[in-house]
Amino acid sequence: MWGETGAGLVSAGLLGEVRAEKTGAAVLAWARDLSLVVDAFEEGRLLAMRLGKLAELAVPEASDADLELTAQWAAFICLVDDRFDRSRVDIRPEEVASLFTRLLNVITGGPAGSVSGIEQALDDLWRRTAPRMSTQWRERFVADYRDFALAMQEEAAGRTDRVPMGLSDYVLRRRRTITALPLADILECTAGAPWPGLPMGEDLMRALRRAVADVAGWSNDLVSAEDDLREDRDNLVTVLSRERGCSLSSAREQATAMRDGRVRDFHALAASLTAMTLPGTEREEVRRYVAALGSFVAATLHWLGVTHRFDARWAPRPV
């Protein structure tokens, strides 16, 4: 068997790379068809993000269709984020509110406005995901995405007012703006690992998800620090440097230590959940859910080391 020999591991690795490349190409075709990317520059940057690799690591046992669905959701999330972070002008809070009102209408059945490519993309993703999931899942996804939308509006207002954030406030908002929780919801579908119904373990489960969001947000900030500095955006590294009066290099070391601590928190919470005394079926549901989030954390850490999303060559073009 492949998993038992060195040659087998190499073969499995090559198969994973082939799946990742194929998925990346499928994401590009999907984004092109929906006009989410409109020229060679945007297409090149989307390919450079290597979202097929992120999906392949996050849901390694998924079918090809679910692998593509995972990567397409990640692309949608990244491209929505880019509408704000990659603009050379500050986006007014009311513009942010308008976009997210339209997007939330897509997933709640609200009134349709002018249908843009980004709305069509979300409609396509939602139609291929939501019918497979429970009412409780749909309500949780909508709540997570609505909270993300609110956090983005708060961030836009902060930029307009030029009010510097303190570390504690930044950490709380970053947990909401990273969009890790909506993507974790998607993995319940594509990894076949729905949220376990554990009344006694609810607090641990939510703490586990918060740890996932912090690891993703802080790791992202470490990789995008130079990009954020160029664009004068708050970032965990710059906030630490400002609040503690230290150099950026020292702040980076502190941010790395914070991130590593949250990775340890995640594993401690995961161990506590899987050690709970539960009937066999519930124990397996918890194991699958925790394993899916563990794959997501590992995939995020690896992907942020290989993605070219934040390279200087993809800096926003003059308007």
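Here is a short chat about the cavities in this predicted model.

User: Hey, how many cavities of 30 Å³ or more does the structure hold?
Analyst: There are 2 of them, and remember that this is a predicted model.

User: How do people even find empty space in there?
Analyst: Rolling a probe the size of a water molecule over the atoms shows where empty space is left.

User: OK, how much space lies in the largest cavity?
Analyst: About 50 Å³.

User: And which residues line that largest cavity?
Analyst: The lining is made of Phe84, Ile91, Val96, Met152, Glu155, Ala156 and Arg159.

User: Which helix gives the most to the lining of the largest cavity?
Analyst: That would be helix α7, residues 135-161, which gives 4 residues.

User: What's the lining of the largest cavity like by class?
Analyst: It has 5 nonpolar and 2 charged residues, with no polar ones.

User: Switching over, how much space is in the second largest cavity?
Analyst: About 40 Å³ lies in the second largest cavity.

User: Who lines the second largest one?
Analyst: Leu51, Leu54, Ala55, Ala58, Thr70, Ala71, Ala74, Leu183, Leu187 and Phe296 do.

User: Which helices each supply at least two residues there?
Analyst: Those are α3 (51-58), α4 (64-85) and α9 (180-190). Of the elements in this lining, α3 gives the most, with 4 residues.

User: Last one: how do the residues lining the second largest cavity divide by class?
Analyst: For the second largest cavity, the count is 9 nonpolar and 1 polar, with no charged residues.

Methods:
Residues numbered from 1 in each chain as written. Predicted model: local features only at pLDDT ≥ 70, side-chain atom pairs only at ≥ 80, totals over all residues. Heavy atoms only, no water. 1 Å grid on protein atoms, 1.4 Å probe; cavity = no way out; pocket = protein on both sides within 12 Å on 5 of 7 lines; lining within 4 Å. Points joined across faces, edges and corners; volume = space filled by probe spheres on them. Nonpolar A, V, L, I, M, F, W, Y, C, P; charged D, E, K, R; others polar.
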